[in-house]
Each structure stands twice: as C-alpha cells, then as structure tokens.
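Subject: Handing over the structure

Hello,

Here is the structure I promised to pass on. Please open it and keep it beside you while you read.

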There are 2 protein chains.
Amino acid sequence: MQSKSDISRAKILDAAALTFRQKGYAATTLAEIADAAQMKAGSLYYYFESKEQLLEEVLDMGMHRVHEAVAESQNRLPTGTSHEIRIKAAVEAHLTMLLKHGDYTSANIRIFGQVPEDVRRRHLRLRNAYAALWRGLLIRAQKAGTLRTDVDLALIRMLLMGALNWSVEWYKPGKKSIRAMADHICLMLFHGIGHEEPVQSPEDAAVS
Amino acid sequence: MQSKSDISRAKILDAAALTFRQKGYAATTLAEIADAAQMKAGSLYYYFESKEQLLEEVLDMGMHRVHEAVAESQNRLPTGTSHEIRIKAAVEAHLTMLLKHGDYTSANIRIFGQVPEDVRRRHLRLRNAYAALWRGLLIRAQKAGTLRTDVDLALIRMLLMGALNWSVEWYKPGKKSIRAMADHICLMLFHGIGHEEPVQSPEDAAVS
DNA sequence: GTCTATATTCAGATAGAC
DNA sequence: GTCTATCTGAATATAGAC
C-alpha cells in the first residue's frame with residue numbers, strides 16, 4: 001500500500017530519471033524535473049536534500065534494476081542450459097532494461113561519465129558488482145569450452161558492453177525488436193559475420 | 001605561419017575540448033576553460049562569441065578529425081587490399097583518434113548526446129557524412145563476399161561503433177595497445193569468439 | 001590581446017504561508 | 001505536502017583600462 005508521499009516521491013524520481021537521460025545531469029534544472037512531476041521546484045526539497053542526492057538515487061536504481069534483470073534472466077533458465085543461450089538471455093535482459101523499461105538504467109548509462117567525482121566514487125560499488133556478474137558469465141562459458149581460450153575476456157566484456165550501451169544513443173523503438181538485436185549481437189559475438197567458413201547453426205551448438 | 005592570435009585561439013580550443021571531454025558541456029565553466037588555457041574567462045570573448053560557439057567548433061573539429069583519419073587509413077592502402085584488412089585499418093584509425101590524439105573526437109563522442117538541440121541539429125551533417133564512410137566500407141565488403149549476406153549491416157555498424165566509442169569510458173593508456181584492440185575487435189567481428197569451428201587464421205583470409 | 005570589474009541572469013536551496 | 005517568495009552564489013557575458 002502506497003501513501004501519497006510514496007507516490008509523489010516515485011513521481012519525482014521518474015521525472016528526474018527521464019530528464020537526466022534526455023538532457024544530462026548538469027543541464028537539467030530542478031524546475032524541469034518538478035514540471036515533469038507536476039509540482040513546483042521548491043516542493044522537491046520535502047523529499048530530497050539536494051539535486052545531487054536525487055542524482056545518486058537515480059543512478060543507484062538504474063544499476064540495481066539492470067543487475068536484477070540480468071540475474072533474473074539467468075535464474076529463469078534450467079540448470080544445464082548452454083552458455084550460448086545463457087549469454088543471449090543476459091544480452092536480451094540488459095537491452096530490454098536499457099531500451100524498454102529503463103529511464104533509470106539509460107539515464108545511468110548516459111550520464112555516469114559526467115557526474116561529480118564524489119558521486120561517481122560512491123556509485124562504483126554497484127557498477128563493479130554488475131561487472132562481476134558478466135565476468136562470471138563469460139568465464140564460465142570459456143571454461144566450459146563455449147568460448148575460445150585465446151581471447152582477452154576483459155576486453156571482450158568491455159566491447160560487448162559498449163555495443164549494448166551505445167544503443168541508447170541510436171535505438172528507436174519499433175524499428176527493430178530487442179530480441180532480433182540480441183540474436184544479431186550473439187551471432188556476431190559467437191560466430192562472426194565473415195562468411196569464409198560455414199557457420200554451425202545456433203540450435204546445433206545448443207544441444208552439443 | 002601562426003600569429004599570436006592563432007596560437008591563443010588554438011590553446012582555447014584545446015582547453016575546451018579537454019575540459020568538455022572530462023566534465024561534460026553544461027558542467028564546464030568558461031573559467032575552467034580559461035584556466036586550462038592560462039587565461040582569464042573574459043578573454044575568451046575576444047575569440048568566441050559564446051560558450052555555445054566554442055562548443056560547436058570543438059564538436060565539428062572532433063568529427064572532422066576522425067573522418068579524415070579513417071579516410072586517410074583507406075587511401076594509404078594499395079588497391080586490391082582485402083576488405084578485412086581495410087576494415088581493420090579503419091577500426092584502428094578510429095580508435096587511435098579517439099584514444100590517443102583525440103580530445104576533440106572523444107569530447108564529441110562523450111558529450112554529443114547532451115548538447116543543446118540546435119547545436120546537435122547543425123552538427124548532424126558531419127555525423128551523417130562520417131556514417132556514410134563506414135556504410136560504404138561495410139557494403140563493399142559484403143558485396144565482395146567478405147561479409148555474410150544475411151546480416152543487417154546498419155545494425156552491425158551501430159554495434160561496431162558502440163564497441164569502439166564506448167572505449168572512451170574505460171580505456172586506460174598503457175594497458176593494452178590500440179593495435180591489439182583493433183585485432184581483437186576484428187577477430188570478434190569476422191570470426192566470432194565461440195570455438196565450435198576451427199577458425200581460419202587472419203593471414204590465410206587476407207591472401208585468399 | 002588580455003586583464004579587472006561588473007552587469008545580468010538564473011539555478012539551487014531555504015522559509016514560512018496555507 | 002505543496003506552494004510562493006526570496007536568499008545566495010555562481011556563471012555567462014560586457015565594458016573599459018592597460
């Protein structure tokens with residue numbers, strides 16, 4: 001059961017995430033956030049001590065949500081699921097949070113690089129935890145023989161995150177489904193898009 | 001021959017690119033830019049009408065430089081060079097401009113998403129021209145049979161740009177050479193990092 | 001050309017009415 | 001809880017000295 005207070009607080013956070021994502025942190029004014037939340041600027045201080053605290057909460061929620069979504073995508077899969085399927089599920093969960101449900105996550109991705117130093121430092125804990133989730137996913141796949149042993153997994157992880165995260169800069173909903181994007185990314189990741197060698201189909205790989 | 005005026009102007013632009021890249025556009029003050037250029041804030045107005053005009057010039061130079069570097073990387077290659085080698089050269093040129101010589105280009109990449117609407121609109125011309133360069137590169141490779149015909153090249157291009165551009169967020173010089181990064185990216189792009197099928201070595205592919 | 005000084009505008013934050 | 005009114009500091013931009 002949500003009190004009026006909880007509802008207003010949530011509306012402010014939603015408005016802040018939306019506006020931060022669109023205009024960046026520094027360029028966003030409290031009046032704009034208040035506008036989007038159908039309030040006046042002064043009223044925000046009933047809920048938040050400062051603009052910076054509002055920022056911190058948006059950042060943390062964005063990272064928390066994508067972390068949870070990806071973890072959940074793994075827990076849904078039966079034990080014994082192939083690593084290729086697991087990674088594809090993680091990719092799809094990350095993209096979905098970023099592009100579909102995710103003003104918080106996309107705000108986090110877009111503005112993190114330009115946030116005050118102390119805020120960034122405090123937020124790193126959550127970022128590192130999320131990175132560890134992916135690191136584990138890739139290492140397990142490599143150990144199981146799904147991934148080549150001669151690749152730098154840390155680099156691959158950063159490249160993959162880049163390919164995914166950059167989509168906030170260009171993705172327009174409706175043009176391409178998120179599922180199709182995830183498929184394409186995993187095709188490239190696992191098999192490459194060069195056509196020299198005949199490529200084993202994903203189905204065959206999954207049951208092998 | 002550079003007049004004193006030219007030198008000061010260049011110093012201001014350098015300082016602006018550096019500071020915009022580090023802190024973002026809105027969060028950067030003219031006093032900080034002036035500081036980095038060893039001047040006082042008021043003096044900037046001898047050279048630039050406004051902060052926004054300074055921004056536009058930094059953005060344009062950043063895009064111009066990376067465009068030129070990638071075009072040049074292609075012109076250096078003899079006709080008949082394989083498309084795999086061509087694309088790798090383009091990747092390396094893009095990364096080099098972004099990570100090594102490129103406060104202007106990296107500033108462009110980092111802040112473009114959070115720049116005032118009118119500035120963004122005016123800048124799109126240059127962005128589109130650069131995108132066309134890559135589009136051509138990939139389409140020619142596909143037509144020549146170097147790339148699979150069943151992939152969405154527009155999507156691949158965005159994923160690739162994402163993997164490259166995101167490196168401004170994490171790359172620390174000295175840890176990994178840019179050449180090695182380009183190699184790894186092209187390995188993933190062309191052959192994938194799954195290890196089901198034996199992968200043809202890049203050398204073989206180049207002369208085939 | 002660059003400085004200092006300052007006008008002006010505006011955003012973050014606070015106080016108190018309702 | 002939310003508003004209006006206001007304080008305060010800071011940042012863009014200008015003016016004029018040197």
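Below is what was found in it, starting with one protein chain and ending with the DNA.

One point before the details. This is a predicted model. Please keep that in mind for every value below.

**One chain**

Start with chain A. What is its secondary structure made of? The count is 10 helices and zero strands. Read along the sequence, the pattern is therefore simply α-α-α-α-α-α-α-α-α-α. The C-alpha trace of chain A spans about 65 × 35 × 35 Å along its principal axes.

Look next at helix H6 of chain A, residues 117-143. Arg122(A) and Asp118(A) both sit in this helix. They are four residues apart, which is about one turn of the helix. Their side chains meet in a salt bridge, at 3.5 Å from N to O. Over all chains, the count comes to 24 salt bridges.

**Two copies**

Now bring in chain B. How does chain B relate to chain A? A turn of 180°, with a shift of 0.0 Å along the axis, lays chain B on chain A with an RMSD of 0.0 Å. That is the relation of a two-fold axis. In chain B, Gly192(B) has the C-alpha nearest the axis, 1.9 Å from it. Both copies use the same surface: 100% of the contact residues of chain B recur in chain A.

The contact takes 47 residues from chain B and 47 residues from chain A. The area buried between the two chains is about 4600 Å². Carbon and sulfur atoms give 63% of that area.

What holds charges together across this interface? Two salt bridges are found between chain B and chain A. One of them joins Lys176(B) to Asp152(A), and their closest N and O atoms are 2.8 Å apart. There are also 20 residue pairs in polar contact across the interface, counting pairs with both residues at pLDDT 80 or more.

Which elements of chain B give two or more residues to the side that touches chain A? They are these four helices of chain B:

- helix H1 (4-23)
- helix H5 (103-111)
- helix H7 (153-165)
- helix H8 (178-191)

By class, that side of chain B has 23 nonpolar, 14 polar and 10 charged residues.

**DNA strand D**

Turn to the DNA. Which residues come nearest to DNA strand D? There are 15 residues around the strand. Ser8(A), Lys40(A), Ser43(A), Tyr47(A) and Tyr45(B) come nearest. Sugar and phosphate make up 78% of the atoms of DNA strand D that come within 4 Å of the protein.

Several contacts go to phosphate oxygens of this strand. For Tyr45(B), an N or O atom in the side chain is 2.8 Å from one. For Leu30(B), a backbone N or O atom is 3.0 Å from one. For Ser5(A), a polar side-chain atom is 3.3 Å from one.

Helix H1 (residues 4-23) of chain A gives the most to the surface near DNA strand D, with three residues. The residues of that surface divide into five nonpolar, seven polar and three charged.

**DNA strand C**

Now go to DNA strand C. It too has 15 residues around it. Leu30(A), Tyr45(A), Lys40(B), Ser43(B) and Tyr47(B) come nearest. Here sugar and phosphate account for 77% of the strand atoms that come within 4 Å of the protein.

Phosphate oxygens appear again. A polar side-chain atom of Tyr45(A) lies 2.7 Å from one. A polar side-chain atom of Ser8(B) lies 2.9 Å from one. Thr28(A) uses its backbone: an N or O atom there lies 3.4 Å from one.

Which helix gives the largest share of the surface near DNA strand C? It is H1(B), with three residues. By class, this surface has five nonpolar, seven polar and three charged residues.

**Where to look**

If time is short, try three stops. See Gly192(B), whose C-alpha is the nearest to the axis in chain B. See the salt bridge of Lys176(B) with Asp152(A). Then see Tyr45(B) beside a phosphate oxygen of DNA strand D.

Best wishes

Methods. Residues numbered from 1 in each chain as written. Chains lettered and ligands numbered in written order. Predicted model: local features only at pLDDT ≥ 70, side-chain atom pairs only at ≥ 80, totals over all residues. Heavy atoms only, no water. Near = heavy atom within 4 Å. Polar contact = N/O pair within 3.5 Å; in protein donor to acceptor, adjacent residues only side chain to side chain. Nonpolar A, V, L, I, M, F, W, Y, C, P; charged D, E, K, R; others polar. Least-squares fit on C-alpha atoms with pLDDT ≥ 70 in both. Contact = heavy atoms within 4.5 Å. Buried area = accessible area lost by both parts, 1.4 Å probe. Salt bridge = Lys/Arg side-chain N within 4 Å of Asp/Glu carboxyl O.
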